[in-house]
Amino acid sequence: MISFDSDLAQRVIFGENSIEKLAESTIALGGSRILIVTDHGIQEAGILKRAYSALNSEKIPCYVFTDVDPNPTTKHVEAAVQFAKANAPIDLIIGLGGGSAMDCAKGTNFLLTNGGKMEDYWGTNKASQPMFPSIGIPTTIGTGSEAQSFALIAQEDTHVKMACGDKKAQFKTVILDPTVTETLPKSVAAITGIDAIAHAIESFVSTRRNPMSHMFSLRAWQLLDANFELALDAKNSKARGNMLFGAYLAGVAIENSMLGAAHACANPLTARYGITHGIAVALMLPHVIRFNKTIADESYRELYSDGNLADRIEMLMQKSDLPNSLQDCSVQCNIRSTDIATLAKEAAAQWTAQFNPRSLAINDFVRLYEHIF
C-alpha cells in the first residue's frame with residue numbers, strides 16, 4: 001500500500017484493502033459526522049458495509065444516501081441534499097461508487113455549502129463559500145471522477161449534462177482499492193475501462209494539453225492499454241489495480257488538459273437515448289481518432305507505435321464484446337437516421353468539442369455519427 005500527495009493537493013492511498021484506511025483519512029480531514037453518497041449496487045455488493053465498518057471502528061457516525069442512478073440528474077443531487085439536511089450537521093462527504101456516485105457527492109457538496117441549485121454552478125469557480133472536505137472511493141476502473149474538480153450533473157428535464165467545476169469540490173483524499181472492484185462484472189469493467197482509455201487518448205491530443213497533462217496521459221495510456229484485457233478477469237487483482245491507477249492518472253490528465261470530440265458526440269447519445277456513457281464513447285472514439293489523424297497522427301504514434309491506434313481500440317472493443325455500431329445496441333430501434341442532424345447540432349455545442357485537435361463543422365459531426373449507424 002502506498003500513500004502520496006499529488007500536485008492537486010490530494011492525498012492518494014493506493015493498494016489492496018486500503019478502504020480500511022477510511023476512518024483514519026476521515027479523522028485526518030476533521031470529519032466527525034459523515035454523509036456517504038452511493039448507490040444500491042454498491043450496497044448489494046457488500047462494499048458499503050466495508051466502508052461503514054471502517055468508520056464504525058472509530059465510532060464515527062455516518063449517514064448513507066443510496067438513491068443515485070447512472071448519469072445523475074439535479075433530482076438526485078437535490079434528494080441527497082434533503083437527506084443530508086435531515087441528518088444535519090454533516091461535516092464531511094464520501095463519494096463511494098462509480099462516476100455517478102462521486103459526481104452526485106460533489107454536486108451535493110456544492111448545494112449544502114453554497115445553496116441554490118446546480119445550474120448556479122454550471123461552469124467554473126462559481127462557489128463563493130468554502131466546501132466540506134470530501135473523500136472519493138472509486139469502485140469501477142474507469143471514470144477518473146475521483147481526480148477531478150468537476151461534477152457532471154444532468155438537468156432533470158432536458159438531461160443536458162452540466163459541468164460544474166470548482167477546486168473546492170475536489171476530493172481531498174482518494175482511496176484506490178483494487179479489492180472493491182472484485183464484484184465488477186466483465187461488461188462493466190470493459191465499459192468503464194474503455195472510458196478511461198478515451199480519457200487518456202483525448203487528453204493527450206487536446207488543444208489544452210501541456211507538459212503536465214502529457215505526462216499523466218502517457219502513463220495512464222501505458223497502464224490502461226497493457227492491463228485492459230487482463231482486467232476483464234475479476235480474479236486478476238493486479239491488473240484491476242493497474243487499471244484503477246491508470247484511470248486516476250487519466251482523470252488527473254483531464255484536470256490539467258481537456259477532452260475532445262469523442263466525448264462531445266457521446267453525450268447526446270446518452271442524454272437522448274440512454275446509451276451508457278462508456279459505450280457511447282467507445283462507439284465514437286475510433287472514428288474520431290481517424291478524423292484527427294491529419295493533425296494528431298504523430299501524437300497517436302507516440303501512444304501506440306505498433307500500428308494504427310484506431311484499429312487497436314476496435315480490437316479491444318471486440319475482445320470485450322462491446323458494440324461497434326448502433327445496430328448492436330439494444331436501444332438502436334429508438335434511433336433514426338433522421339436524428340443525426342439533431343445529434344450533430346447538440347454535439348457541436350458540447351464544451352469538450354472546442355478542445356478537439358482538429359476543428360469540426362456540423363457536417364463533420366454528421367459524418368462521425370453516420371459511421372456508427
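**Helix packing and nonpolar cores**

In the predicted model, helix α9 meets helix α12 through Ala 264, Cys 265, Pro 268, Leu 269, Arg 272 and Tyr 273, whose counterparts in α12 are Thr 342, Leu 343, Glu 346 and Ala 347. Two packed helices are described by the angle between their axes and the distance between the axes. For α9 (residues 261-273) and α12 (residues 340-348), the axes come within 8 Å and cross at roughly 125°. An angle between 115 and 145 degrees falls outside the perpendicular and antiparallel ranges, and α9 and α12 are therefore oblique to each other. Their crossing is right-handed.

Tyr 369 is in contact with residues of both helices, among them Ala 264, Cys 265, Pro 268 and Leu 269, which lie in α9, and Leu 343 and Ala 347, which lie in α12. Its further contacts beyond four places in sequence are Met 284, Ile 340 and Ala 344.

Tyr 369 and Leu 269 also belong to the largest nonpolar core, which has 80 residues. Together with Ile 197, Ile 201, Trp 221 and Tyr 248, they have the most contacts inside this core. Helix α10 (residues 277-303) supplies the largest share of the core, 13 residues. A second core, of 23 residues, is separate and includes Val 37, Ala 105, Leu 111 and Ala 127.

Helix α8 covers residues 237-256. Of its 20 residues, 18 are buried, so α8 is largely enclosed by the rest of the structure. At 1.5 Å a residue, α8 should span 28 Å, which agrees with the 29 Å between its end C-alpha atoms.

Notes:
Residues numbered from 1 in each chain as written. Predicted model: local features only at pLDDT ≥ 70, side-chain atom pairs only at ≥ 80, totals over all residues. Heavy atoms only, no water. Core = buried A, V, L, I, M, F, W, Y, C linked by side-chain atoms within 4.5 Å. Buried < 20%, exposed > 50% of the residue type's maximum accessible area, 1.4 Å probe, protein only. Helix = DSSP H or I, 4+ residues; strand = E, 2+ residues; numbered from the N terminus. Contact = heavy atoms within 4.5 Å. Expected span 1.5 Å × (residues − 1). Axes fitted to C-alpha atoms, helices over the stretch in contact; angles between N-to-C directions. Parallel < 35°, antiparallel > 145°, perpendicular 65-115°, else oblique. Left-handed = near helix turned anticlockwise from the far one by under 90°.
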